[in-house]
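Work through these exercises with the structure in view. Try each task before reading its solution.

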Amino acid sequence: RAAGLPVRLVRTGALDELPVAVRRSVWRIVQESLTNVLRHDPAAPLVLVELARVTDAAGERVELVVTNEAGPAAPGRTESPGTGRGILGMRERAASLGGSVEAGAHERGWQVRAVLPIAPTDAKGGA
């Protein structure tokens, strides 16, 4: 918010006791996602960050979704496609925990979705 982005955070589930490696990955993926919004769509009217701890037949995991609504195009502004390094870094970070990241155009703008498993071996805080 201090950088000028209107951000809304929605948390679901018991998130206080996540393993250190999962917490760090969530932090970095959110940070990179917000940096990308500032770089590519600084006039975004809303960025929604949804963080949920999910337990079902597939196991226990954290699901993170960062969605920005497309802002109005500034006069004379050309869109830069970026290098893709930020998204690649998010994918590598998630993969190191056995998770995944998807990023791309969304019906209202752009969305990053990360799924990070919560494995008992992560409890030691390994990165």
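**Exercise 1: The strand β3 and its partners**

Strands β3 and β5 pair in the antiparallel sense, over nine bridges. Keep in mind that this is a predicted model.

Task: Find the bridge partner of Val-62 in β5, then work out how β3 pairs with β2.

Step 1. Start from Val-62. Its bridge partner in β5 is Leu-116.

Step 2. Turn to β2, residues 47-56, and β3, residues 59-69. These two strands are antiparallel and share 10 bridges.

Step 3. Check single pairs. Val-49 has Val-66 as its bridge partner in β3. For Glu-50, the partner in β3 is Val-65.

Step 4. Look at the link. β2 and β3 make a hairpin, with two residues between them.

Step 5. Ask how covered β3 is. Eight of its 11 residues are buried, so the strand is mostly covered, buried being under 20% relative accessible area.

**Exercise 2: The whole sheet**

Task: Give the strand order of the sheet and name its edge strands.

Step 1. Add the remaining pair. β4 and β5 run antiparallel and are joined by seven bridges. One of the pairs sets Ser-100 against Val-115 in β5.

Step 2. Follow the chain between them. A hairpin of two residues joins β4 to β5.

Step 3. Write the order. The five strands run β1-β2-β3-β5-β4 in an open sheet, and the pairing is mixed.

Step 4. Pick out the edges. β1 (7-12) and β4 (100-106) each pair on one side only.

Step 5. Add the twist. From one strand to the next, it averages 15 degrees.

**Exercise 3: Helices on the sheet**

Task: Which strands does each helix touch, α1 and α2?

Step 1. Take α1, residues 20-40. This helix packs on the sheet and touches β1, β2, β3, β4 and β5 (109-117). Its direction makes about 15 degrees with that of β3.

Step 2. Take α2, residues 85-95. This helix also packs on the sheet, touching β4 and β5. The direction of α2 makes about 145 degrees with that of β4.

**Exercise 4: One serine**

Task: Is Ser-33 buried or exposed?

Step 1. Locate the residue. Ser-33 lies in helix α1.

Step 2. List its contacts, leaving aside neighbours within four places in sequence. They are Val-66, Met-90 and Val-112.

Step 3. Apply the cut-off. The relative accessible area of Ser-33 is 2%, so the residue is buried. The limit for buried is under 20%.

**Exercise 5: The second largest pocket**

Task: Say which residues line the second largest pocket and which element gives the largest share.

Step 1. Note the volume. It is about 290 Å³.

Step 2. List the lining. The residues are Val-7, Leu-9, Arg-11, Val-26, Trp-27, Val-30, Gln-31, Leu-34, Val-49, Leu-51 and Leu-64.

Step 3. Assign them to elements. β1, α1 and β2 each give two or more residues to this lining. The largest share, five residues, comes from α1.

Step 4. Sort by type. The lining of this pocket has nine nonpolar residues, one polar and one charged.

Conventions:
Residues are numbered from 1 along each chain as its sequence is written. This is a predicted model: local features need pLDDT of at least 70, side-chain atom pairs count only at pLDDT 80 or more; totals for chains, interfaces and linings use all residues. Side-chain values use heavy atoms; hydrogens and water are left out. Two strands pair if DSSP finds at least two bridges between them. Helices (H or I, at least four residues) and strands (E, at least two) are DSSP runs, numbered from the N terminus. Axes are lines fitted to C-alpha atoms, for helices over the stretch in contact, and angles run from 0 to 180 degrees between N-to-C directions. Contact means heavy atoms within 4.5 Å. On a 1 Å grid over the protein atoms alone, a cavity is a set of points where a 1.4 Å probe fits but cannot get out, and a pocket is an open set with protein on both sides within 12 Å along at least five of seven lines; lining residues have an atom within 4 Å of a point. Grid points are joined across faces, edges and corners, and a volume is the space filled by probe spheres set on the points. Ala, Val, Leu, Ile, Met, Phe, Trp, Tyr, Cys and Pro count as nonpolar, Asp, Glu, Lys and Arg as charged, and the others, Gly among them, as polar. Buried means under 20% relative accessible area, exposed over 50%, partly exposed in between (1.4 Å probe, protein chains only).
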